[in-house]
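Hi,

Here is the structure I said I would pass on. Have a look at it first, and then read my notes underneath.

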Amino acid sequence: MASLITIENIRRAADRLADVVHRTPVLTSRILNERVGAEVFLKCENFQRIGAFKFRGAYNALAELTSEQRERGVATWSSGNHAQAIALAAGLLGTSALIVMPADAPASKLAATKGYGAEVVTYDRYTEDRTAIGAALAAERGLTVIPPFDHPAVMAGQGTAALELVEQAGPLDAFLAPIGGGGLMAGCATAVSALCPDARIIGVEPVDGDDTKRSLAAGHRVRIPVPRTIADAQAADIPGELTFPINQQLVDEITLVTDDQLVTAMSFLFDTMKIVAEPTGAAAVAALLSGRVQLPGARIGLVISGGNISASRFAALVGERDSRKPAQQL
């Protein structure tokens with residue numbers, strides 16, 4: 001199954017995306033390096049178009065459609081970032097998009113998706129099945145489904161982030177990225193394992209959304225209750241059917257972080273590096289700052305996967321975390 005995508009697929013995707021995506025910066029921080037005792041390279045996909053890595057995979061997948069498929073339009077489901085990515089890519093490629101989004105998705109992500117011209121259908125993520133809703137609407141209207149992670153072209157597109165990271169930072173001893181449905185990691189792990197074969201590949205999940213960790217331990221996909229976590233982009237209840245076998249083969253370890261650790265990482269990135277990251281975007285940094293991952297002296301590459309969070313939501317999360325701290329720690 002790992003051959004579903006290869007480094008060649010990722011290189012072809014990079015060529016297709018060259019004049020469309022932003023070649024996002026790789027930033028470093030002396031303070032972060034001192035805190036974790038390693039040399040850390042942050043691939044800042046929060047500066048990507050639509051504010052997240054998802055544009056890479058969405059555009060790559062839509063660019064492969066036939067003219068007939070583009071004429072009919074596409075459908076997908078997403079909590080926000082893939083939704084925005086498909087909406088923008090559809091507009092750029094002259095097609096239409098219908099997107100199923102949870103009713104409680106961040107308001108900024110809902111507004112942005114509609115702003116890019118997509119039709120949005122909402123659902124209750126805790127009682128309804130978004131895949132079933134999206135598939136039924138797609139069948140009814142003759143739309144091509146571009147799922148948020150379980151698609152070879154989507155995974156190959158996401159892998160271009162790691163391809164660029166290695167080109168910009170040089171050889172890595174370790175690579176960290178958040179895991180939701182697993183598309184980002186599947187693509188990036190494929191790239192990193194080909195370019196830096198000795199690198200340790202580590203996925204990061206929220207403690208209440210540990211479906212991939214449980215699945216790897218069980219040796220098969222395990223479904224969990226829909227996670228209740230501030231990391232909305234990681235609220236998957238089961239790993240992808242196509243992404244899981246790839247990650248099962250290539251990922252060395254899954255580590256878990258709490259919501260408070262995510263907010264602490266968000267605050268650190270904002271205060272120290274002037275980087276705005278949404279909770280999922282800060283997951284890899286949270287794993288390092290919390291000590292969940294310790295790799296002294298290593299060259300570590302990681303992905304800041306997105307920065308789609310409003311100022312009010314950012315402030316509220318920091319305030320809620322601080323309200324739970326003992327006074328002496330404030």
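Below is what I found, starting with the sheet and moving on to helices and single residues.

One thing to keep in mind while you read: this is a predicted model.

**The sheet**

Six strands form an open sheet in the order β1-β2-β10-β7-β8-β9, and the pairing is mixed. The edges are taken by β1 and β9; each has a single partner strand, so one side of each has no neighbour in the sheet. Helix α12 (residues 259–273) packs on this sheet and touches β1, β2, β9 and β10. Its direction makes about 85 degrees with that of β9.

If you want to walk across the sheet, begin at the β1 end. Strand β1 (residues 26–27) pairs with β2 in the antiparallel sense, over two bridges. The residue in β2 that bridges to Val26 is Lys43. Strand β2 itself (residues 39–44) is mostly covered, with five of its six residues buried. On to β10 (residues 299–304): six bridges join this strand to β2, and the two run parallel. For checking the register, Leu42 has Leu302 as its bridge partner in β10, while Lys43 is partnered there by Val303. Lys43 therefore turns up twice, as the β2 partner of Val26 and as the residue bridged to Val303 in β10.Now for the β8 end. How enclosed is strand β8 by the rest of the structure? Six of the seven residues of β8 (residues 200–206) are buried, so this strand is largely enclosed by the rest of the structure. On one pairing, β8 is joined to β7 (residues 174–178) by five bridges, and the strands run parallel. Leu176 has Ile202 as its bridge partner in β8. Between these two strands the chain goes through helix α9 (residues 183–195), giving a β-α-β crossover that is right-handed. The other pairing is with β9 (residues 253–257), again in the parallel sense and over five bridges. There, Gly203 is bridged to Ile254 of β9.

**Two crossing helices**

Helix α1 (residues 7–17) and helix α8 (residues 152–169) have axes that come within 8 Å and cross at roughly 90 degrees. That makes α1 roughly perpendicular to α8. On the α1 side, the contact is made by Ile7, Asn9, Ile10, Arg11, Ala13, Ala14 and Leu17. The α8 side contributes Ala156, Gly157, Gly159, Thr160 and Leu163.

**Two residues to look up**

Asn247 sits in helix α11 (residues 243–250). Is this residue buried or exposed? Asn247 has a relative accessible area of 2%, so it counts as buried. A polar atom of its side chain lies 3.2 Å from the backbone nitrogen of Ala186. Leaving aside residues up to four places away in sequence, Asn247 touches Gly182, Met185, Ala186 and Leu216.

Leu65 is in the loop between α3 (54–63) and α4 (67–72). With 11% relative accessibility, Leu65 is also classed as buried. Which residues does Leu65 touch, not counting those up to four places away in sequence? They are Arg70, Val74, Thr144 and Ile146. If you need a long-range distance to check your own setup, the C-alpha atoms of Leu65 and Pro279 are separated by 32 Å, and the two residues are 214 apart along the chain.

Cheers

Technical notes
Residues numbered from 1 in each chain as written. Predicted model: local features only at pLDDT ≥ 70, side-chain atom pairs only at ≥ 80, totals over all residues. Heavy atoms only, no water. Buried < 20%, exposed > 50% of the residue type's maximum accessible area, 1.4 Å probe, protein only. Helix = DSSP H or I, 4+ residues; strand = E, 2+ residues; numbered from the N terminus. Pairing = 2+ DSSP bridges. Right-handed = clockwise from strand over helix to strand, strands pointing away. Polar contact = N/O pair within 3.5 Å; in protein donor to acceptor, adjacent residues only side chain to side chain. Contact = heavy atoms within 4.5 Å. Axes fitted to C-alpha atoms, helices over the stretch in contact; angles between N-to-C directions. Parallel < 35°, antiparallel > 145°, perpendicular 65-115°, else oblique.
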